[in-house]
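Subject: Structure handover and notes

Dear colleague,

I am passing the structure on to you with this message, and my notes on what was found in it follow below. Please read them with the structure open beside you.

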Amino acid sequence: MNEPTAVRRRQGRGARERILRAATELFTAQGINATGIEQLSTVAGVSKRTLYQHFRSKDELVVAYLRSLDDDPEPVVPEQPTLAAASPREQLLAVFDWKATEIKAPFRGCPFLNVSVEVPDPGHPAHELAAAKKKRCARRLADIARQAGVADPETLGEQLALLFDGAAARGLALNNRHVMAYARSIAETLVDAALADAGRGSP
């Protein structure tokens, strides 16, 4: 009698958070399409009925998973307190400062890119959320470039966003955690060239 009671209490306490943690772990490790509801409920320690009480479908869980990631700071969104006093140039380059020792193997790339590939329908809520995230990141980079005095901040923001996404995709394909170091060297060239152009254009 005691064991079923303990299970019921465990399922009713923090179930949503456990489901989201399980989704983050499994979606990151093996992808969305390879992860089934049975596995999600097992890892979360809840019944499938409990899972569906919190998330009406797997699609709804995928969207919640992305939103939970969107609430966390990422390298592509340089808002960390340590960068508050950094120059705009340093903030732009910090986007690529992924420390290889802090990235778990195998390298999984960018979760938003991964979702957009696994859910190719542009009208799907998860795909729309991933696309919105990518556009927002490019705009934030453009805002920082504007603070630096770059003549065409939108172009530089898009270039850096594209460089970041390309490096994340290549790192995923090659299981290489060091790609961001190469991307950073290219970013330095782009940023310094834009700053030099701005300097030459100033009176």
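In this predicted model, the buried residues of helix α5 are L61, V62, V63, A64, Y65, L66 and L69, and what covers them includes α2, α3, α7 and α8. The helix itself has 13 residues and reaches 18 Å from its first C-alpha to its last, which is close to the 18 Å expected at 1.5 Å a residue. Of the buried residues just named, L61 touches I19, L20, A23, F27, L40 and F55, once residues up to four places away in sequence are set aside.

L61 also appears in the largest nonpolar core, which has 51 residues and in which F27, L40, L61, L92, F96 and L160 are those with the most contacts. Helices α2, α3, α5, α6, α7, α8, α9 and α10 each supply at least two residues of this core.

Another residue of α5, A64, is touched by R16, which also touches H54 and F55 when residues up to four places away in sequence are not counted. R16 has its place in helix α2, which runs over residues 15–30, and R16 counts as partly exposed because its relative accessibility is 36%. From C-alpha to C-alpha, R16 and L51 are 7.7 Å apart in space, although their positions lie 35 residues apart in sequence.

The loop between α2 and α3 holds T35, and you may wish to look at this residue with its side chain displayed. T35 counts as buried, because its relative accessibility is 1%. Its side chain is joined to that of Q30 by a polar contact of 3.0 Å, and a polar atom of the T35 side chain also lies 2.7 Å from the backbone oxygen of G31. Leaving aside neighbours within four places in sequence, the residues in contact with T35 are L26, F27, Q30, L40 and K58.

Turning to charged pairs, side chains of opposite charge can pair when their charged atoms come close. A search of the whole structure finds 8 salt bridges, and three of the pairs are described here. How far apart in sequence are R89 and D192? Their side chains meet in a salt bridge at 2.7 Å, N to O, and the pair links distant parts of the chain, with R89 in helix α6 and D192 in helix α10, 103 residues apart. R89 is partly exposed because its relative accessibility is 29%, and D192 is likewise partly exposed, with a relative accessible area of 33%.

The side chains of E60 and R56 also meet in a salt bridge, at 2.9 Å, N to O. E60 counts as partly exposed, at 27% relative accessibility, whereas R56, at 69%, counts as exposed.

In helix α8, the side chains of D143 and R146 form a salt bridge at 2.9 Å, N to O, and because these residues are 3 apart in that helix, they are separated by about one helical turn. Both partners count as partly exposed, D143 at 38% relative accessibility and R146 at 40%. Elsewhere, salt bridges that share partners join D97, R184 and E188 into one network.

As for the cysteines, the structure holds 0 disulfides. Why is C110 not bonded to C137? The sulfur of C137 is the closest cysteine sulfur to that of C110, but at 7.7 Å it is too far for a bond. C110 counts as buried, because its relative accessibility is 3%, and C137 is buried too, with a relative accessible area of 3%.

One backbone angle should also be mentioned. Most residues other than glycine have a negative phi, and most peptide bonds are trans. The phi of N175, however, is near 50 degrees, a positive value in a residue other than glycine. N175 is found in the loop between α9 and α10, and N175 counts as partly exposed because its relative accessibility is 42%.

With best regards

Technical notes: Residues are numbered from 1 along each chain as its sequence is written. This is a predicted model: local features need pLDDT of at least 70, side-chain atom pairs count only at pLDDT 80 or more; totals for chains, interfaces and linings use all residues. Side-chain values use heavy atoms; hydrogens and water are left out. Helices (H or I, at least four residues) and strands (E, at least two) are DSSP runs, numbered from the N terminus. Buried means under 20% relative accessible area, exposed over 50%, partly exposed in between (1.4 Å probe, protein chains only). Contact means heavy atoms within 4.5 Å. A nonpolar core is a set of buried Ala, Val, Leu, Ile, Met, Phe, Trp, Tyr and Cys residues joined through side-chain atoms within 4.5 Å. A salt bridge is a side-chain nitrogen of Lys or Arg within 4 Å of a carboxyl oxygen of Asp or Glu. A polar contact is a pair of N or O atoms within 3.5 Å; within protein, one must be able to donate a hydrogen and the other to accept it, and residues adjacent in sequence count only if both atoms are side-chain atoms. The expected span of a helix is 1.5 Å times one less than its number of residues. A disulfide is a pair of cysteine sulfur atoms within 2.5 Å.
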